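Reader: Hi! Could you walk me through this one? I'm new to reading structures.
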Amino acid sequence: MIESRCGILCSECSYREAMGCLGCCEVENPFWGSCPVKACCQQKQHEHCGQCGEFPCGLLKQFAYDENEGDGGKRIEQCRRWASLQSTAK
Ligand code: SF4
Ligand code: SF4
């Protein structure tokens, strides 16, 4: 169910095919370099940021609302959705 650490839906990402990316959870580093959100999330052993006590932290918000690469907060909402689906599944 979880497609990324930050809430991006890799299945809907246009870079996926173009860059031959396997998706955030399947790669060690994204094609564009190293991602501090992915690194932080994995270091805390969360599946995604929505499981974090600091969610949504400044770093995640910076990524989500970035003028060029952000999505206006969509990924943060996705993390909330995943977290609530997981809490009802328990
Ligand atoms: S921005 Fe980082 S955490 Fe989000 S999908 Fe890309 S590599 Fe994963
Ligand atoms: S919400 Fe922020 S502090 Fe928490 S795992 Fe994600 S990037 Fe790290």
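Author: Happy to! One term to start with: Ala, Val, Leu, Ile, Met, Phe, Trp, Tyr, Cys and Pro count as nonpolar, Asp, Glu, Lys and Arg as charged, and the others, Gly among them, as polar. Also, keep in mind that this is a predicted model.

Reader: Thanks! How many residues of each class does the shell around ligand 2 have?
Author: The shell around ligand 2 has 10 nonpolar, 1 polar and 2 charged residues.

Reader: And which residues come nearest to ligand 2?
Author: Of the 13 residues around ligand 2, the nearest are C40, C41, C49, C52 and C57. Two elements, α2 (36-43) and α3 (58-64), each give two or more residues to that shell.

Reader: Which element gives the most to the shell around ligand 2?
Author: That's α2, with 3 residues.

Reader: OK, what about ligand 1? Which residues surround ligand 1?
Author: Ligand 1 is surrounded by S4, R5, C6, I8, C24, P30, C35, V37, K38 and F63. By class, this shell has 7 nonpolar, 1 polar and 2 charged residues.

Reader: Switching topic: where is P56?
Author: You'll find P56 in the loop between α2 and α3.

Reader: Is P56 buried or exposed?
Author: P56 is buried, because 20 other C-beta atoms lie within 10 Å, and the cut-off for buried is 20 or more.

Reader: Nice. What does P56 touch?
Author: Leaving out residues up to four places away in sequence, P56 touches C49, K61 and I76.

Reader: And how does P56 sit relative to S11, what's the spacing?
Author: In sequence, P56 and S11 are 45 residues apart, and in space they are 22 Å apart, C-alpha to C-alpha.

Conventions
Residues numbered from 1 in each chain as written. Chains lettered and ligands numbered in written order. Predicted model: local features only at pLDDT ≥ 70, side-chain atom pairs only at ≥ 80, totals over all residues. Near = placed C-beta within 6 Å. Helix = DSSP H or I, 4+ residues; strand = E, 2+ residues; numbered from the N terminus. Buried ≥ 20, exposed ≤ 12 C-beta atoms within 10 Å, placed from the backbone. Contact = placed C-beta atoms within 7 Å.
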